[in-house]
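User: I want to go through the labels on this model one at a time. Please show it, then set each label against its cut-off.

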Amino acid sequence: MLLMSFMALLSGARNRMNANLAQQIYDRMNKVFSQSDDSLVSAATLLANVYGSIGDIDKASDIRIQLTKSGAKKKSGLSWTVVDGQQFRAHGVNHPRSKEIHAEAEKIFAELVEHGHQHDSILCGHSERLAIAWNFVVHPNASQIQITKNLRVCGDCYRATKLIATIRQCEIIVRDANRIHHFYKNGQCSYIPYCTIITAIGHLYPRLSSVYNYTLILPIATATSERSFSKMKLINNYLRTTLSNENQYQRRTEQ
């Protein structure tokens with residue numbers, strides 16, 4: 001449970017692209033968990049992605065180099081696509097047409113940069129990026145791409161795929177470990193992050209948003225409305241009233 005909480009906080013820092021917060025969370029995890037824990041490998045990879053997303057390539061590379069030197073093994077990212085049933089591994093070069101695939105991936109990377117997307121060039125070797133590149137190698141004018149991935153799509157790949165769908169005017173459907181992402185040609189995605197929903201509500205209904213936020217931080221002990229309408233409260237009131245009426249009836253009878 002503690003590990004899940006730390007990873008959730010780290011994922012939140014990644015979504016906000018807050019490298020300082022992500023570093024603080026990772027440092028705390030280093031103190032709480034042993035160095036041999038596999039969870040630290042995933043956390044370090046996530047931290048490297050955060051630095052890569054904000055353009056701090058040197059810091060991201062240092063973290064990856066340290067992971068390699070330590071001999072730590074993380075779960076490899078794998079992606080499958082319906083075109084010829086191909087499987088792609090992150091940064092893989094074993095495909096017979098690997099040179100064409102990586103050349104297309106670099107071409108897509110250049111297009112992303114032209115459209116203002118800033119990210120770590122190392123991330124363009126993620127398995128879903130290679131799968132997308134392969135689809136465009138086989139079908140340069142593809143109108144729809146379907147991909148399945150064994151891990152969660154990282155924040156940078158999520159933003160990049162939205163932009164790729166717009167630039168290439170191609171719908172991209174990605175099924176990752178958590179959900180299905182449908183990226184449309186207009187740059188929108190079927191998945192709306194929770195933080196985006198809360199932000200939108202805050203803009204539309206500022207007072208309602210304030211009440212909601214205050215409610216979240218109220219201690220359980222002050223939830224008087226919940227206690228007033230709880231079933232146990234109603235039962236207790238009913239029993240007290242019933243017993244009181246019975247006692248009064250008995251007293252009158254005895255008199």
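The turns below take up helix packing, rings, accessibility and backbone angles.

User: What kind of model is this, and how are residues numbered?

Analyst: This is a predicted model, where local features need pLDDT of at least 70, side-chain atom pairs count only at pLDDT 80 or more, and totals for chains, interfaces and linings use all residues. Residues are numbered from 1 along each chain as its sequence is written, and side-chain values use heavy atoms, with hydrogens and water left out.

User: How many helices and strands does the protein have?

Analyst: Eleven helices and five strands. These are DSSP runs numbered from the N terminus: H or I of at least four residues for helices, E of at least two for strands.

User: Why are α5 and α7 called roughly perpendicular?

Analyst: The axes of α5 (residues 98–114) and α7 (residues 155–167) come within 10 Å and cross at roughly 90 degrees. Axes are lines fitted to C-alpha atoms, for helices over the stretch in contact, with angles from 0 to 180 degrees between N-to-C directions. Roughly perpendicular covers 65 to 115 degrees; under 35 is roughly parallel, over 145 roughly antiparallel, and the rest oblique. The crossing angle therefore makes α5 roughly perpendicular to α7.

User: Which residues make that contact?

Analyst: From α5, Ile108, Glu111 and Leu112; from α7, Ala160, Leu163, Ile164 and Ile167. Contact means heavy atoms within 4.5 Å. By class, there are six nonpolar residues, no polar ones and one charged. Nonpolar means Ala, Val, Leu, Ile, Met, Phe, Trp, Tyr, Cys or Pro; charged means Asp, Glu, Lys or Arg; the others, Gly among them, are polar.

User: What makes α5 and α6 roughly perpendicular?

Analyst: They pack at an angle of about 105 degrees, with their axes 8 Å apart. The two helices are therefore roughly perpendicular to each other. Ile108 of α5 takes part in this contact, and Trp134 and Phe136 are among the α6 residues in it. The class split is nine nonpolar, one polar and two charged.

User: Why is the pair of Phe88 and Trp134 called tilted?

Analyst: Ring centres of Phe, Tyr and Trp (its six-membered ring) must lie within 6.5 Å to pair; planes under 30 degrees apart are stacked, over 60 edge-to-face, and the rest tilted. Phe88 and Trp134 lie 6.3 Å apart centre to centre, with 50 degrees between the planes. Phe88 is in strand β2 (residues 87–89) and Trp134 in helix α6 (residues 127–138), 46 residues apart.

User: Are Phe88 and Trp134 buried or exposed?

Analyst: Both are buried. Buried means under 20% relative accessible area, exposed over 50%, and partly exposed in between (1.4 Å probe, protein chains only). Of the 255 residues of the protein, 35% count as buried.

User: What puts the charge of Arg168 over the ring of Phe136?

Analyst: The rule asks for NZ of Lys or CZ of Arg within 6 Å of the ring centre and within 35 degrees of the ring normal. The charged end of Arg168 is 4.6 Å from the centre of the Phe136 ring, and sits over it.

User: Why is Tyr184 partly exposed?

Analyst: Its relative accessible area is 31%, so Tyr184 counts as partly exposed. Tyr184 lies in the loop between β5 (180–183) and α8 (194–204).

User: What is the phi of His91, and what is the phi of Gln169?

Analyst: His91 has a positive phi of about 60 degrees although it is not a glycine. Phi of Gln169, also not a glycine, is positive and near 50 degrees. His91 is in the loop between β2 and α5; Gln169 is in the loop between α7 and β4 (171–175). At 42%, His91 is partly exposed, and at 43% Gln169 is partly exposed.
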